[in-house]
Amino acid sequence: MPETVSPSHTAPTEHACWLPRHLRSAGAARRELRRFLADHPGAEGLLPTGELLLSELVTNSLQHARTPRGRLIQIRFRLTDDLLRIEVHDADSAEPALRDPADSDEAGRGLLLVHELAAQWGCCPRNGGVGKFVWCHVVPETAAA
C-alpha cells in the first residue's frame, strides 16, 4: 500500500506530499485530502467533488505521464475561503488534452469529469522546467448549483 513519501508541513490552509507512481496512490491521495479537510470546519461540502477530481487527476498522471522510473508525483491542496485548489505534479511536460470518447469506450473520461465538475482547471509548467502540474478549483456543492 503506498504511503506518502514526504508530507510537507506548510500553513494550516496548505498541504503537499509526494506519492509513489503506484495504482494505489489515488486512494492515498484521497486519504490525504480527507485528513486535510477534516482540520477545516465547514469544508465537508468540498469533499465529494474534491475526492473525485483528485482521483481523476492522480490516475491521469499515473496512466499517461511518461516519466523516468522512480519518479514521484506530488499532490498539493490549498484552501482559501470556500475554494479548494488541488494540484497534481509530475515530471512529464506534455499537457493533457480533453477527449471526446465514444459511448463504447471504457476509459478516457477523467479529464472530461474535471472539466465539467471543477469551477476552473488548467495545466502549467512546473518551476525549474521539469514537468507540469494540472490544477483544479473546487467549490462547495451548494455553491456550484
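# Exercises on a predicted model

Helix α1 has 14 residues, which at 1.5 Å a residue should span 20 Å; its end C-alpha atoms lie 20 Å apart, so the two values agree. The expected span here is 1.5 Å times one less than the number of residues in the helix. Helices (H or I, at least four residues) and strands (E, at least two) are DSSP runs, numbered from the N terminus.

The model is predicted: local features need pLDDT of at least 70 and side-chain atom pairs count only at pLDDT 80 or more, while totals for chains, interfaces and linings use all residues. Residues are numbered from 1 along each chain as its sequence is written, and side-chain values use heavy atoms, with hydrogens and water left out.

## Exercise 1. The sheet

Task: Find the order of the strands in the open sheet and the kind of pairing.

Solution:
- Step 1. Two strands pair if DSSP finds at least two bridges between them.
- Step 2. The open sheet has five strands in the order β1-β2-β3-β5-β4, and their pairing is antiparallel.
- Step 3. β1 and β4 (120-125) are the edge strands; each has a single partner strand, so one side of each lacks a neighbour in the sheet.
- Step 4. Direction ignored, neighbouring strands are turned by 15 degrees against each other on average. Axes are lines fitted to C-alpha atoms, for helices over the stretch in contact, and angles run from 0 to 180 degrees between N-to-C directions.
- Step 5. The antiparallel strands β4 and β5 are joined by six bridges. Cys123 has Val134 of β5 as its bridge partner.
- Step 6. Helix α1 packs on the sheet and touches β1, β2 and β3, its direction making about 25 degrees with that of β2.

## Exercise 2. The buried residues of α1

Task: State which residues of α1 are buried and name elements that cover them.

Solution:
- Step 1. Buried means under 20% relative accessible area, exposed over 50%, and partly exposed in between (1.4 Å probe, protein chains only).
- Step 2. The buried residues in α1 are Ser25, Ala26, Gly27, Ala28, Ala29, Glu32, Leu33, Phe36 and Leu37.
- Step 3. Their cover includes β1 (14-19), α2, β2 (73-80) and β3.

## Exercise 3. Salt bridges

Task: Give the number of salt bridges in the structure, then place three pairs: Glu32 with Arg35, Glu51 with Arg34, and Asp90 with Lys132.

Solution:
- Step 1. A salt bridge is a side-chain nitrogen of Lys or Arg within 4 Å of a carboxyl oxygen of Asp or Glu. The structure has four of them.
- Step 2. Glu32 and Arg35 form one at 3.0 Å, N to O. Both residues belong to helix α1 (residues 25-38) and are three residues apart, about one turn of the helix. Glu32 is buried at 8% relative accessible area, whereas Arg35 is partly exposed at 48%.
- Step 3. Glu51 and Arg34 form another at 2.3 Å, N to O. Glu51 is in helix α2 and Arg34 in helix α1, so this pair ties together parts 17 residues apart in sequence. Glu51 is buried at 17%; Arg34 is partly exposed at 35%.
- Step 4. Asp90 and Lys132 meet at 2.8 Å, N to O. Asp90 lies in β3 (residues 83-90) and Lys132 in β5 (residues 132-138), so the pair ties together parts 42 residues apart in sequence. Both Asp90 and Lys132 are buried.

## Exercise 4. Thr49

Task: Locate Thr49 and decide whether Thr49 is buried or exposed.

Solution:
- Step 1. Thr49 is part of helix α2 (residues 47-64).
- Step 2. The relative accessible area of Thr49 is 14%, so Thr49 is buried.
- Step 3. Contact means heavy atoms within 4.5 Å. With neighbours within four places in sequence set aside, Thr49 is in contact with Leu117, Val138 and Glu141.
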